[in-house]
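This report describes a model of protein chains, beginning with charged side chains and moving on to the contact between chains and the strands. Please consult the sequence and the coordinates shown below while reading.

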Amino acid sequence: MKIKLNPHHLVGFVHPLDVIKRLLNEKNNRNSMETDELLPLLSATAQGNKQAFAKLYNATSPKLFAISLKMLSNRAHAEEALQDAFVKIWHNASEYQVTKGTVISWMISIVRYRSLDSLRYHKVRKEQALDDDYASADDLTDLPLEVDYEDGSKLVDCIEQLDEQQKQAIHLAYYKGLTHSELVDHIETPLGTVKSWIRRGLQQLQRCLTL
Amino acid sequence: MNYDNQKLIDMLAAEYVLGTLKGPARKRFQRLMLSSNRVREATWMWEQHLNNLASSIKSVAPDSHVWERISQRIEPQQVTPSSKVITPKASIWKAWSLIATAASIVLALIVWQPQSPVEQLTQQIALFKDASEQPLWFIDVNEQGLSIKASDKLTARTDKDYELWMILKGQDAPISLGLLPKDGVKSLLKDSRFNAQDIALLAVSLEPIGGSPTGSPTEVLYTTELILL
C-alpha cells in the first residue's frame with residue numbers, strides 16, 4: 001500500500017521525541033537535583049542497589065507524597081499510594097529511559113496514576129457504602145485551588161496564557177484528579193462546556209509548548 | 001476511532017496524563033500504548049509537560065513508617081538501613097537478616113548436590129504480579145515450550161479467559177502465545193518467533209472464554225519483562 005504524504009500535513013508538526021529532547025536540554029527546565037543526583041540513583045536502583053533506592057526515596061518522597069496527598073486529601077490513602085508507587089519504581093527502575101522524560105517526571109507519573117486509581121476506587125467504595133466511613137476521602141473544601149508555581153518552566157508560561165476557565169479545569173483535573181462529570185458538579189457548568197474547556201485548553205497548551 | 005490521527009493521539013495522551021480519560025477509554029488507551037510507539041511518545045511528552053505543574057505543590061515529608069513498609073515489600077530480609085529513615089526499627093531488620101541468613105544456609109544445603117553437576121544454561125523466566133505485587137503467574141521457558149504455573153494468589157474469573165501475549169521489539173502487533181491456566185500448571189508450545197532477545201514485553205489480557213475473538217488483546221491487565229538468568 002502506498003502512502004501519499006501531503007506536505008500540508010507536515011507543517012507545524014513536531015515529533016514528540018524532538019519535544020522531549022528539547023525539554024531535556026532546555027535551561028529553563030533544568031533541575032540540578034535531577035541531573036546531579038536522581039539519574040545515578042535510579043540507575044543504581046535498577047541494578048538492585050538498595051542504598052541508592054533509599055537515597056532516591058529521601059530525595060523525592062516529600063514531593064511525591066505532597067502530590068498524592070493533594071489529590072487524595074487523605075493521609076492514609078496517600079501513604080498507601082506512595083508505598084505502591086515506590087515498590088513499582090523499585091521493580092521498574094530498569095524500564096526508565098531518558099526519552100520518557102526526566103527521572104522526577106517519570107516518578108511523578110507513577111505516583112499520580114496510582115493516586116488516580118486509589119481516588120476512583122475509594123470514590124466507588126464511598127458511593128456504595130451506607131455509612132460515611134469515607135466521608136473525608138475526597139474532601140473538596142480546599143477548592144478552588146491556589147496555585148503558586150516555584151519554577152518558570154515553559155508550561156507555566158503557557159498555562160498562564162489560557163482562559164481562566166480552561167486553566168481552572170486543567171488545574172482541578174491535574175491536582176485533584178477530578179473527572180469531567182465531577183468538574184461539571186464542581187464548576188456548575190454543562191458537561192459539553194467542561195469537555196471543551198479541557199480539550200481547547202490542552203490544544204492551546206500544545207501549540208504554545210511546541211512554538 | 002482513527003488512531004492514526006496524530007492530533008487525536010495527542011489529545012487522548014494529554015487527557016490520559018491529566019486523568020480525565022477514564023473507565024474503558026482509559027483502558028483502551030493503555031492497551032494502545034503497548035502496541036504503538038507514537039502513542040507512547042505522545043504520552044511521555046505530555047507527562048514531561050504537565051508534571052511541571054507539580055512544581056507548585058509544597059513538599060510534605062511522609063512518616064517514617066511509609067519507608068519501613070516499602071522496605072518490607074521489596075525484600076524484607078535484606079534491607080540496608082539508611083540511618084535517616086529506618087533507624088527506629090533497625091532491630092527488626094537485624095532479626096529478619098538473621099532468619100534470612102539461616103534460611104539461606106538451609107536452602108543451600110538442600111539444593112547443593114555435588115554428585116549431579118548442574119548444567120549452566122541461560123534460564124528465561126517471567127513473573128506476572130498484580131497491582132499489590134501479589135504473584136499471579138510464573139513462566140519458565142524451556143526448549144520445548146513455556147511452562148506456566150498459576151499462583152495460589154490468583155483469583156481467576158470463571159466467565160473469562162486470560163491470554164498471554166508477546167510484543168516484539170520494534171513491532172506494534174502483539175502475538176498470542178495461548179491461554180493461561182487458572183490454576184495449576186500448563187505448558188504452551190513456543191511460537192516460532194519466540195526469541196528472548198527480540199521480546200520487548202509480555203502481556204496478559206482478559207478475554208471471552210476461548211481467547212481473543214479479534215487476534216488482538218481485548219483488555220490488557222498486566223505486563224512484565226522476560227528475565228534472563
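The side chains of A:R75 and A:E79 form a salt bridge with an N to O distance of 3.8 Å; a salt bridge here is a side-chain nitrogen of Lys or Arg within 4 Å of a carboxyl oxygen of Asp or Glu. The model is predicted: local features need pLDDT of at least 70, side-chain atom pairs count only at pLDDT 80 or more, and totals for chains, interfaces and linings use all residues. Residues are numbered from 1 along each chain as its sequence is written, chains are lettered from A and ligands numbered from 1 in the order in which they are written, and side-chain values use heavy atoms, with hydrogens and water left out.

**Salt bridges**

Both A:R75 and A:E79 belong to helix α5 (residues 75-92) of chain A, where they sit four residues apart, about one turn of the helix. Helices (H or I, at least four residues) and strands (E, at least two) are DSSP runs, numbered from the N terminus. A:R75 also meets B:D63 in a salt bridge, at 3.6 Å from N to O. B:D63 lies in the loop between α3 and α4 of chain B while A:R75 is in helix α5 of chain A, so this pair joins two chains. A:R75, A:E79 and B:D63 are thus linked in a network of salt bridges.

The relative accessible area of A:E79 is 8%, so A:E79 is buried. Buried means under 20% relative accessible area, exposed over 50%, and partly exposed in between (1.4 Å probe, protein chains only). A:R75, with 36%, is partly exposed, and B:D63, with 35%, is partly exposed. Within chain B, B:K129 forms a salt bridge with B:E133. B:K129 is partly exposed at 26% relative accessibility, and B:E133 is partly exposed at 23%. Over all chains, the structure holds 11 salt bridges; the table gives some of them.

| Residue 1 | Residue 2 | N to O distance |
|---|---|---|
| A:R75 | A:E79 | 3.8 Å |
| B:D63 | A:R75 | 3.6 Å |
| B:K129 | B:E133 | 3.0 Å |

**The contact between chain B and chain A**

Chain B and chain A bury about 5,800 Å² between them, of which 62% is on carbon and sulfur atoms. Buried area is the accessible area (1.4 Å probe) that two parts lose on being put together, summed over both. In chain B, the residues that lose the most area to chain A are B:L18, B:Q48 and B:L53, together 12% of what that side buries. The contact (heavy atoms within 4.5 Å) takes 54 residues from chain B and 68 residues from chain A.

Two salt bridges are found across this interface. There are 20 residue pairs in polar contact between chain B and chain A, both residues being at pLDDT 80 or more. A polar contact is a pair of N or O atoms within 3.5 Å; within protein, one must be able to donate a hydrogen and the other to accept it, and residues adjacent in sequence count only if both atoms are side-chain atoms. On the side of chain B that touches chain A, the elements giving two or more residues are α1 (6-18), α3 (37-50), α4 (64-74) and α5 (83-86). The largest share of that side, 10 residues, comes from α3(B).

**Strands of chain B**

Chain B comprises six helices and nine strands, and 43% of its 229 residues count as buried. Five strands form an open sheet in the order β6-β3-β2-β1-β9 of chain B, with antiparallel pairing. β6 (185-189) and β9 (227-228) of chain B stand at the edges, each with a single partner strand, so one side of each is left without a neighbour in the sheet. Two strands pair if DSSP finds at least two bridges between them.

Elsewhere in chain B, strand β4 (residues 160-168) has eight of its nine residues buried. Nine bridges join β4(B) to β7(B) in an antiparallel arrangement, with B:D161 opposite B:E207 in β7(B). β4(B) is also joined by four bridges to strand β5 (residues 175-179) of chain B, and these run antiparallel.

**The loop between β7 and β8 of chain B**

B:S212 lies in the loop between β7 (199-208) and β8 (219-224) of chain B, and B:S216 is found in the loop between β7 and β8 as well. The side chain of B:S212 reaches the backbone oxygen of B:S216 at 2.6 Å. B:S212 counts as buried at 17% relative accessibility, whereas B:S216 counts as partly exposed at 36%.
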